[in-house]
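User: Please take a close look at one part of this structure for me, and then connect that part to the rest. I am in my first year, so please go slowly and spell out each step of the reasoning.

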Amino acid sequence: MSEVRVRFAPSPTGYLHIGGLRTALYNYLFARKEQGTFVLRIEDTDRTRFVEGAIENLIQSLQWAGVDYDEGVFVEDGEIVQKGEYGPYIQSQRLDIYKKYVDQLIEQGDAYYCFCSKDRLDKVREEQKIKGQIPKYDGLCRGIPIEEAKKRIEEGEEYVVRLKLPHNKDITFHDAVRGNITINTDEIDDQVLMKSDGFPTYHMAVVVDDHLMKITHIVRGEEWLSSTPKHIMLYEAFGWEKPEYVHLPAVLNQDRKKLSKRQGDVSVEDFKERGYLPEGLINYLALVGWSSDDNEEILSMDQLIEKFTFDRVSKAGGIFDKHKLDWVNAHYIKEYPTERLTELAIPYLDKAGLFPASSAKGHMNWLNTLIETVKDSLSRLEEVPDKTAFIFGDLEITEDEALEVLKGEQVPELLDALEEELNSVESIDMEYAKGLMKKIQKKTGIKGKNLYMPTRAAISGNIHGPELQNIIYLLGKKKMLKRIERVREILKEA
């Protein structure tokens, strides 16, 4: 087999969809496993849907996710640049190329000019639906002699160019996921290849680009499965070798419908903003429609590359389960270096008004301890403010069990001893925090649950939670004393 060359070819119509990222990921994993080349091409021929800045966002999302590519469109120093020997890699810059090949198809008799108006086409399709027929173009312009068609064009008549499919021909192709597939040409349309604005349709451009860029494997969503026979007809019309086809199952929500914005997050940007780590999102996304032969679920990018094969891709749509994603992401949060996690968490603390990002540099040890204290309870970084709020706000005792523990007969003595000990020092460092409870035990003789549970309840409002020494250090002397005083008030009111 020749060198594997695959491509991801998104349209710049907005943020990168999570399903698009999975398509890019599978292309990437296959290319890396086969030591091939991964190309990023931008398909922007539908100018009505073009969104300014979308190309930059697509590239940033891929880079954030760790899905690197070798050739195509890049951003360097804020500028879009193209690298590789098969460019341009932006379709709107390839119009002359498409025009040349469309003209060739017309001259060969494999395509024709169509002058039908939108109103006529709508009417034809509506009548076909009423009769229970497959809605498609009725071929009215197929028989117009080429000289007559060119004369009408010279006179300014608007036109498109359509593919001339043979009647009643079975087109069979092999798909790596679904096996052999046969579709009859009577079930499909004479596809528009060139629109009236001079831009090619997806179907024309994708075949020309994939051939000229020497793409060996077309790895794309299953929504393009029904279009594949048209593409194969184009390959045959040009006398070109066909690539291998791999059509991936859709990414579905819990209701087994395609993920859409109406049901919540669908773009990579959404998941990034919510505090999913790229490692967590990529690991989980790989499992939505694919599984390893040993059914391992926690897999690094290197492990995914090693284990990935198309024969493990499911035919059925993959359910996107956010609870499972949270579980996978929580694993990576636990494994992440605390210092790096802290850097990622600071913007969330800042946005919540708990700790200003501008002050972070001088308090990194304290912030690292804060994140270390709660990291095992996190599924996403957006949870950091809620999980750490007990450190920043005033004491709240919301658990009945915590209030009951604080009503213990030893508690007044315990609070007095804590207050006395805290007043004997200037400030609390971690070394002091680690030894504080031993000092209180020695001073009062209170030990075990009678010591630790009321102390925890008095300073955090809960009887369970993170390391007590961490809470003591994070609160510091002033807040600890304030909370002891607040507990006394609560007990008087109880």
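Analyst: A residue counts as exposed when its relative accessible area is over 50%, and as buried when that area is under 20%. The model you are looking at is a predicted one, and the part to begin with is Asp77, which sits in the loop between β3 (71-76) and β4. Asp77 has a relative accessible area of 83%, so it is exposed. Its backbone also deserves a look, for Asp77 has a positive phi of about 55° although it is not a glycine.

Further along the chain there are other backbone details to set beside this one. Pro88 belongs to the loop between β4 (79-83) and α3 (95-108), and the peptide bond that leads from Gly87 into Pro88 is cis, with omega near 0°. Arg256, in the loop between β12 (251-252) and α8 (268-273), is another residue other than glycine with a positive phi, here near 65°. A positive phi of about 75° is also found at Gly239, just after α7.

Helix α7 (residues 228-238) itself offers a contrast with Asp77, because 9 of its 11 residues are buried and the helix is therefore largely enclosed by the rest of the structure. Among the buried residues of α7 are Ile232, Met233, Leu234 and Phe238, but Lys230 and His231 are buried there as well.

A place in a loop does not settle whether a residue is covered, as two further residues show when they are read one after the other. Thr398 lies in the loop between α14 (384-392) and α15 (400-406), and its relative accessible area of 62% makes it exposed. Tyr336 lies in the loop between α11 (322-335) and α12 (338-351), yet Tyr336 counts as buried because its relative accessibility is 15%. Leaving aside neighbours within four places in sequence, Tyr336 is in contact with Leu277, Glu279, Leu341, Leu344 and Lys375. As for Thr398, its C-alpha atom is 6.9 Å from that of Gly461, although 63 residues separate the two in sequence.

From these loops we can turn to helices later in the chain. Leu415 is part of helix α16 (residues 411-422) and, at 3% relative accessibility, is buried. Not counting residues up to four places away in sequence, it touches Ala458, Ile484, Val487, Arg488 and Leu491. Leu436, in helix α17 (residues 430-444), is buried too, with a relative accessible area of 0%. With residues up to four places away again left out, Leu436 touches Leu418, Glu421, Leu422, Ile472 and Met480. The C-alpha atoms of Leu436 and Leu468 are 10 Å apart, with those positions 32 residues apart along the chain.

Buried nonpolar residues join into a core, and the largest such core has 159 residues, with Leu21, Val67 and Phe320 having the most contacts inside it. Helix α19 (residues 468-493) supplies the largest share of this core, 10 residues. Leu21, apart from neighbours within four places in sequence, is in contact with Leu16, Leu62, Ala65, Val67, Val268, Leu281, Ile282 and Leu285.

The last step is to place these parts within the whole, which comprises 19 helices and 13 strands. The protein is more spread out than a compact globule, because its radius of gyration is 32 Å, well over the 23 Å that the globule rule gives for 494 residues. Its C-alpha trace spans about 105 × 50 × 45 Å along the principal axes. Separations between residues discussed above give a sense of these distances: the C-alpha atoms of Leu415 and Phe320 are 50 Å apart, and those of Tyr336 and Ala494 are 43 Å apart. Even so, buried residues make up 52% of the 494 residues. Of the contacts between residues at least 6 apart in sequence, 73% join residues at least 24 apart. Exposed loop positions such as Asp77 therefore belong to a chain that also has largely enclosed elements such as α7.

Conventions:
Residues numbered from 1 in each chain as written. Predicted model: local features only at pLDDT ≥ 70, side-chain atom pairs only at ≥ 80, totals over all residues. Heavy atoms only, no water. Helix = DSSP H or I, 4+ residues; strand = E, 2+ residues; numbered from the N terminus. Buried < 20%, exposed > 50% of the residue type's maximum accessible area, 1.4 Å probe, protein only. Contact = heavy atoms within 4.5 Å. Rg over C-alpha atoms; globule rule 2.2 N^0.38 Å. Core = buried A, V, L, I, M, F, W, Y, C linked by side-chain atoms within 4.5 Å.
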